[in-house]
2 protein chains.
Amino acid sequence: MFHNIKLKNGETAYVKIYNYIKEVIENGMLPHGSKLPSTREMTSMINVSRNTIIKVYELLEDNGLVYTEKGKGTFVSKVNINKNSDWNIDWLNKINNYAKTAEELDIMKHEQLYKKGMISFKSIAPDESLFDMEELKRAFLNRITLEGEKILNYGYAKGYKPLIDFLMNYMKEKGVNTKGKSILITNGFTEGFDILLSSLTNRGDKILCENPTHNTSIKLMKLHELDIIGVRINEDGIDLEDLDEKLKDNKVKLAYIIPSYHNPTGMVMSFEKREKLYSALKSHEVPIIEDGFNEELQHLGAHIAPIAAISGEENSVIYIGSLSKILFPGMRIGWIFGDEKLIYTLESVKRSRNIHTSSLDQAILYEYMKSGSFEKYVKKVRNIYREKYELAKRLCEEYIPNKFILGDGGLYLFIKLKDINARELLDRCIKREVIFTPGDIFYTNGEGLDTLRLGFSRLTLDEIEKGIKIIGEEAYSDNRVQRTIDS
Amino acid sequence: MFHNIKLKNGETAYVKIYNYIKEVIENGMLPHGSKLPSTREMTSMINVSRNTIIKVYELLEDNGLVYTEKGKGTFVSKVNINKNSDWNIDWLNKINNYAKTAEELDIMKHEQLYKKGMISFKSIAPDESLFDMEELKRAFLNRITLEGEKILNYGYAKGYKPLIDFLMNYMKEKGVNTKGKSILITNGFTEGFDILLSSLTNRGDKILCENPTHNTSIKLMKLHELDIIGVRINEDGIDLEDLDEKLKDNKVKLAYIIPSYHNPTGMVMSFEKREKLYSALKSHEVPIIEDGFNEELQHLGAHIAPIAAISGEENSVIYIGSLSKILFPGMRIGWIFGDEKLIYTLESVKRSRNIHTSSLDQAILYEYMKSGSFEKYVKKVRNIYREKYELAKRLCEEYIPNKFILGDGGLYLFIKLKDINARELLDRCIKREVIFTPGDIFYTNGEGLDTLRLGFSRLTLDEIEKGIKIIGEEAYSDNRVQRTIDS
């Protein structure tokens, strides 16, 4: 720590060094009894004469801060350090309801967690071994060369212009009419959804969503103290009759919908259903937040137009996209696409919260995307995930007693068990080192006790097989009389 | 866009292609009259036989989606595209008060902005030409080599462990007692402050701060609808008598203090004053949010212990640090240091908002910091900024009619003018292509109309000289009778 003492021209060296050491001692950084460097050592550390150091040590001793033991050295005296120690705040008592709720709804803290050695069906994150690191390095070095230091200074709240332009075009390619629309870059989907709820809702507002739906979104809707209206999902997707009823019975402010690779069911909503859904919401003047979750997995295949495309020239759909799902989640890049007046205001909300999303990450991602690496990557991973999906689906059908299994591809399956409590099943599976996500966390109303989500994206084919067989064995081992669970 | 058509095994190719093109047309991606690729071109784009394409084109024509002009090609018919165009939402009417306030308080939208060619004293961002890009590249490549793809998958809400450990040690080096304390990584200072206010305050709570203070912080306190109690800053820093009075008269929930290179005054609070301030707040049981803003500029010099060090073993100070101020603002990395129970809850708030801060950026920054590049960088830039500071200070004293000039180094000066309205002065200076920040935006109560902040970090010595002379000329050109402005 003494290396830190630097002297300005004209300052009296011994005063400066004395004050520094005094402060260090008084702040308790050097505890009672600890040995100071010898004057010779100290001289070589700080560029002053030995006489100066001797003078400093004398002064320290004069003031009772150190004592000398002949032949042993100089030691720190017992001084009135850490004088402040009697004020102990009970912070948990000072935390407001919002933060308490965030903690209570944090599944990383209140659900069973993966432990080393387990086969984990919990994760729906991409398999990182598929990331193309050479392309990423190239993207980084290219962008740094082109942009220079600029990219590391402050950027714009709205986002990195080349990335915004790229994404506007990307939305066009999805069939979306971009006239009068604009984009705000966010730290992933989650920030996008939080900013939207923060800006468009008030406590108690009714928000409509699929039931089950993405648990992080449920958490955010609860944190914003919204009244969540869940619309049933059946074996063939969202129940449009239930939707109509819910719309009739409630004054709904916003709808939140995940049409592609719906989380947790993995279903892809058909084009026809998207159109009907849109019409129904339109007739009740309910704007839509469309979660583009994993739509990228469809990117090169039979692409079904997002609801944002169906809305045509209308400004009723706010689309949240994310490149931090199947590509590089560690980078946290997403975007909100919507009416340009709305985006203009959201930009200020974003600025007030964290100035802007990392310009470096945005620039790297832009370079990576525009080079065509993303298309190559998606093409590669789709085939790999499809293989895992087909195996997992086949095995689940064979081994797990189910009422139905949902999932049109993607990274996970959703299973409705045959009269088995998924949490009890989970407890038994964990004993055999297999873990999955109990489905009830995706329900808005405590249902789904007989459901579970199996994520297979990061497992090998062997692990998938071994894990599903274990789940099946444990499911069939349930010999107790089952209480019938409502579907 | 036709490259996007990919066929699955077993699907009837012509149906698939037909449906794709039909959808593209019906969604309006191909406007009326646009020409389709020839069947030959299309054949080479999609890997199918020419006969298949011919069949598709016939079907499209049969269904009225395209028409053929002999010898010219195939064109898109006028179809019922963008059928949705009659629902136009007035989003500005749907935005809540929070978002409206964020927009109203957004100085990037409501203050005069820098235009190319101007000498701008507005910015207090670092001079990016001082960034050591080679070291940054090295840090990136090293970390990627060591961590591999892992660093690009999901990380932890709390932050990247090696960076947290590094920063805990960094706090220790500042003289801070880290026992029972912990760190949460955030997207810069701003997110840290927002998370704290979101978690610890309720509408109407009283928060005490220096007056003037950081305008972004004022914005956040207003967005959280807090009752802001500003404590006067005089020529010799925060007015402790005013502090005592304010504490006596108000039930204050939290204090927000910027002890080092205070923004906007640039003052460094003395150790004695820090101790007195702490005692005063302690006696009223007011916990402190310490903004470590630009403390790093002190890092290698006469380092005054942060208030977090003075608090010793107590858990009363929450310190917000940032490496996104003088180092790489584009990366947005900051941290909250405080009581571990508090941090444990804040971690859940962070997770609910954006999962975590970019792991890639955290890893790069960690590598950069631990290599010693940061110390080298700070040493270099301190000398350069000191030269600018000394010049700016000397010139301001000589040329600008002032009551006092504040600033103990750093990146900016704060000037109280001699009976001149700073906004009127700004208007005149802008005509001469010089811009600065009017000081009133830093005041909690509309004062400071005769003050301004001059940021010089990104200007050359010549620009500093030219700009200050112009401001001085315009100040003295104020021949009208000045109304006396209250200080």
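This is a short tour of the contact between chain A and chain B, followed by a look at the cysteines. The model is a predicted one.

**Stop 1: the two chains.** Color chain A and chain B separately. Now select the residues in contact: 111 residues from chain A and 112 residues from chain B. Together the two chains bury about 10,100 Å² between them. Carbon and sulfur atoms account for 59% of that area. On the chain A side, pick Trp87(A), Trp91(A) and Leu152(A), which lose the most area to chain B. Together they make up 9% of what that side buries.

**Stop 2: charges and polar pairs.** Four salt bridges cross the interface of chain A and chain B. To see a salt bridge, select Lys282(A) and Asp86(B). Their closest N and O atoms are 2.7 Å apart. The interface also holds 46 residue pairs in polar contact.

**Stop 3: helix H14 of chain A.** Select residues 340-354 of chain A. This helix gives eleven residues to the side that touches chain B, the largest share. Then color that whole side by class: 45 residues are nonpolar, 33 polar and 33 charged.

**Stop 4: the cysteines.** How many disulfides are there over all chains? The count is zero. Select Cys396(A) and Cys429(A). Cys429(A) has the closest cysteine sulfur to that of Cys396(A), yet the gap is 11 Å, too far for a bond. Cys396(A) is buried, at 0% relative accessible area.

Now go to chain B and select Cys396(B). Its closest cysteine sulfur, in Cys429(B), lies 11 Å away, so the distance is too great for a bond. Cys396(B) is buried too, with 0% relative accessibility.

Conventions: Residues are numbered from 1 along each chain as its sequence is written. Chains are lettered from A and ligands numbered from 1 in the order in which they are written. This is a predicted model: local features need pLDDT of at least 70, side-chain atom pairs count only at pLDDT 80 or more; totals for chains, interfaces and linings use all residues. Side-chain values use heavy atoms; hydrogens and water are left out. Contact means heavy atoms within 4.5 Å. Buried area is the accessible area (1.4 Å probe) that two parts lose on being put together, summed over both. A salt bridge is a side-chain nitrogen of Lys or Arg within 4 Å of a carboxyl oxygen of Asp or Glu. A polar contact is a pair of N or O atoms within 3.5 Å; within protein, one must be able to donate a hydrogen and the other to accept it, and residues adjacent in sequence count only if both atoms are side-chain atoms. Helices (H or I, at least four residues) and strands (E, at least two) are DSSP runs, numbered from the N terminus. Ala, Val, Leu, Ile, Met, Phe, Trp, Tyr, Cys and Pro count as nonpolar, Asp, Glu, Lys and Arg as charged, and the others, Gly among them, as polar. A disulfide is a pair of cysteine sulfur atoms within 2.5 Å. Buried means under 20% relative accessible area, exposed over 50%, partly exposed in between (1.4 Å probe, protein chains only).
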